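Here are my notes on this one, written as numbered points. Have the coordinates open while you read.

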Amino acid sequence: MNDLARPRLTDAPTYAGPARTRANLVALGTITRREVHRMLRIWTQTLVPPAITMTLYFVIFGKVIGSRVGPMHGFSYMQYIVPGLVMMSVINNAYGNITSSFFGSKFGRYVEELLASPMPSWVVLTGYVSGAVLRGLLVGAIVLGIALFFTSLHIAHPLVAITTVILGATIFSLAGFINAMFAKRFDDIAIVPTFVLAPLTYLGGVFYSVNMLGSPWREASLANPILYMVNAFRFGILGIGDVPVWVAYVVMLAFVVALAAVALWLLRKGVGLRS
Amino acid sequence: MPAADASRAVPALEVVDLRKTYASGVQALKSVSLKVAQGDFFALLGPNGAGKSTLIGILSSLVNPTSGDARVFGLSIHADRGGVMRQIGLVPQEINFNQFETPFEICVNVAGFYGIPRTIARPRAEKYLKELRIWDKAFQPTRMMSGGMKRRLMIARAMMNEPRLLILDEPTAGVDIEIRRSMWHFITGINRAGTTVILTTHYLEEAEQLCRNIAIIDHGEIVEDTSMRRLLSKLDVQSFVLDVMGFDGTLPQIDGVKLVRLDDQTLEAEMPSTHDLNALFAALTAHGITVTSMRNKTNRLEELFVRLVERNGNGAAA
């Protein structure tokens with residue numbers, strides 16, 4: 001008898017308690033590791049483009065145009081736009097990572113490896129979101145590093161800065177996951193970034209203070225979730241913001257809970273995945 | 001009942017009144033019920049579109065059933081999906097792994113999805129990739145592998161959780177005969193060691209040689225569910241192709257045998273399966289015809305399969 005032989009049990013062994021928790025943690029670590037490995041394997045597509053794009057933003061908006069713009073809340077224009085540009089990179093890359101990776105697994109059918117495994121839905125979701133958040137954080141760190149070549153920064157509230165960037169990346173990872181679940185073609189994962197994400201980002205106070213806007217544009221801007229992320233992060237970096245930081249946390253946490261609930265429900269139902 | 005007997009009473013797979021109607025309205029499964037005993041090597045055959053892949057999809061959590069249940073070693077797919085998945089290894093019909101990853105990465109990652117730590121997964125991946133003779137490609141992207149290698153990789157991947165029930169959905173499609181034989185050698189070894197195997201294939205001679213029990217599914221219904229031996233015994237007619245010398249063009253009349261000329265050196269003989277072959281040879285010899293060689297016209301199972309699905313109103317057999 002070799003090691004493949006199985007005792008013939010009346011009931012199959014079930015995983016319960018600590019064994020189940022350990023198995024889920026191994027599965028979660030596996031998905032996260034695979035996502036990070038993928039990100040690093042194609043670093044010219046995942047890490048270099050945001051670095052180049054943001055360098056151009058810093059040169060054009062920060063140096064060339066920013067030198068003609070006066071101080072904003074006591075900071076140079078370059079310093080003022082750094083938090084928004086970092087957050088913009090984090091959001092775009094977290095979103096892009098999860099949509100391309102998860103839709104790719106659907107397109108190549110290797111999502112079936114996950115569906116035919118014993119992993120619960122929350123492990124699958126958390127694994128993909130962790131991978132996307134890590135890419136967001138890595139890109140954010142790269143962009144922040146590039147910003148330091150152009151200006152000096154003193155991080156006012158590090159804890160606010162790091163929690164905001166994690167929450168922002170989580171929100172857009174979850175949104176990207178939902179987008180990828182419904183997507184049937186590669187075009188479907190490009191529509192949301194082009195027609196929803198980009199306008200919301202540019203109108204989310206990255207380049208200006210919403211207090212500069214008149215009514216009703218200021219009020220309309222308050223419906224934009226990116227505004228809260230950008231301003232909370234700006235508060236974390238510079239100590240200034242257009243909205244109270246606790247309001248920003250409430251909005252971000254509400255989005256995390258709502259999007260996670262929707263994504264889990266879709267995953268359990270197998271929408272876009274199971275026939 | 002003694003514990004050992006009780007344990008054997010639990011089937012590896014029990015499908016109970018399983019139905020599946022797709023959103024398009026296609027009724028892929030119509031009340032399918034089936035049992036596969038522990039340790040069995042079971043053939044699930046049917047023409048294209050009969051419902052085999054839907055049934056396998058439901059068992060492997062890739063398709064949601066409309067109603068009914070399936071129990072794997074006593075665990076329900078509804079009540080304990082995770083528990084069921086731990087018992088199953090799936091070799092799907094279509095290639096479904098990441099073409100940019102290496103076979104080693106794929107196997108170790110899939111083990112991780114089952115909660116198997118990398119310290120265990122790495123040597124296990126090496127073991128199965130070596131047993132399936134693709135270890136030399138273990139660290140190259142899978143897109144550089146041949147079709148036969150990809151098929152063997154899917155078997156290695158399915159073995160990473162060392163399943164108690166291995167489901168193979170046409171695993172040898174498009175694979176050359178040598179690789180196919182080595183795959184069967186591996187799988188029969190797994191089965192002998194205690195793993196229950198369910199096989200779908202369009203190579204019916206493989207099913208005949210390998211499987212002990214068989215179900216034939218057609219139009220979403222099980223039309224036959226029996227042992228291979230019992231099914232083959234139902235075949236009451238056999239046909240042979242005879243290579244002959246001395247045939248002058250006139251077919252001899254032989255009682256109970258229908259002879260057909262294929263060409264001047266080849267005849268076809270159809271007769272009841274109980275017919276004495278020596279009487280056929282004697283009659284041919286009496287007419288100056290010498291039989292130099294003979295072979296079955298078709299595989300026996302294939303003949304039965306065609307009859308069963310034709311009786312069920314399906315002309316397009318495998």
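A quick word on terms before the points: buried means under 20% relative accessible area, exposed means over 50%, and partly exposed is what lies in between. Keep in mind, too, that this is a predicted model.

1. **B:Arg19 and B:Asp17.** Using that scale, B:Arg19 is partly exposed because its relative accessibility is 33%. Its partner lands in that class as well: B:Asp17 has a relative accessible area of 29%, so partly exposed is the label here too. The two side chains form a salt bridge, with N to O at 3.2 Å.

2. **B:Asp40 and B:Arg212.** Here the salt bridge has an N to O distance of 3.9 Å. B:Asp40 sits in the loop between β2 (27-36) and β3 (41-45) of chain B, while B:Arg212 sits in the loop between α8 (204-210) and β9 (213-218), so the pair ties together parts that are 172 residues apart in sequence. As for burial, B:Asp40 counts as buried at 6% relative accessibility, whereas B:Arg212 is partly exposed, with a relative accessible area of 42%.

3. **B:Glu206 and B:Arg180.** These side chains also meet in a salt bridge, at 3.6 Å from N to O. One end is in helix α8 of chain B (B:Glu206) and the other in helix α7 (residues 177-192) of that chain (B:Arg180), so parts 26 residues apart in sequence are tied together. Is B:Glu206 buried or exposed? It is buried, with a relative accessible area of 5%. B:Arg180 is buried as well, its relative accessible area being 12%.

4. **The rest of the charged pairs.** How many salt bridges are there over all chains? The count comes to 15. Have a look as well at B:Glu14, B:Lys35, B:Asp69 and B:Arg71, which are linked in a salt-bridge network.

5. **Cysteines.** How many disulfides does the structure hold over all chains? Zero. For two cysteines in chain B I can add the burial: B:Cys107 is buried, with a relative accessible area of 0%, and B:Cys211 also counts as buried, at 5% relative accessibility.

6. **A:Asn224.** This residue lies in the loop between α9 (217-221) and α10 (225-238) of chain A. Its relative accessible area is 4%, so A:Asn224 is buried. What does the side chain have for polar company? A polar atom of the A:Asn224 side chain lies 2.7 Å from the backbone oxygen of A:Leu200. Setting aside residues up to four places away in sequence, A:Asn224 touches A:Leu200, A:Leu203 and A:Gly204.

7. **Helix α11 of chain A.** This helix covers residues 245-269, and its 25 residues should span 36 Å at 1.5 Å a residue; the end C-alpha atoms are 36 Å apart, which agrees. Its buried residues include A:Ala248, A:Tyr249, A:Met252, A:Val256 and A:Leu259. Further along, A:Ala263, A:Leu264, A:Leu266 and A:Leu267 are buried too. Which elements cover these buried residues? Among them are α6 (121-150), α7 (158-182) and α10 of chain A. After α11 comes A:Gly270, which has a positive phi, near 75 degrees.

8. **B:Thr54.** You'll find B:Thr54 in helix α2 (residues 52-59) of chain B. With a relative accessible area of 9%, B:Thr54 is buried. Leaving aside neighbours within four places in sequence, B:Thr54 is in contact with B:Lys20, B:Tyr22, B:Ala28, B:Leu29 and B:Val63.

9. **Chain B overall.** The secondary structure here comes to 11 helices and 14 strands. Taken along the principal axes, the C-alpha atoms fill a box of roughly 75 × 50 × 45 Å. Chain B has 318 residues, of which 55% count as buried. Among contacts in chain B with a separation of 6 or more, 69% come from residues 24 or more positions apart. Finally, the chain exposes about 13,500 Å², and carbon and sulfur atoms supply 50% of that.

Notes. Residues numbered from 1 in each chain as written. Chains lettered and ligands numbered in written order. Predicted model: local features only at pLDDT ≥ 70, side-chain atom pairs only at ≥ 80, totals over all residues. Heavy atoms only, no water. Helix = DSSP H or I, 4+ residues; strand = E, 2+ residues; numbered from the N terminus. Buried < 20%, exposed > 50% of the residue type's maximum accessible area, 1.4 Å probe, protein only. Polar contact = N/O pair within 3.5 Å; in protein donor to acceptor, adjacent residues only side chain to side chain. Contact = heavy atoms within 4.5 Å. Disulfide = S-S within 2.5 Å. Salt bridge = Lys/Arg side-chain N within 4 Å of Asp/Glu carboxyl O. Expected span 1.5 Å × (residues − 1). Areas by Shrake-Rupley, 256 points an atom, 1.4 Å probe, with all protein chains shown as cover.
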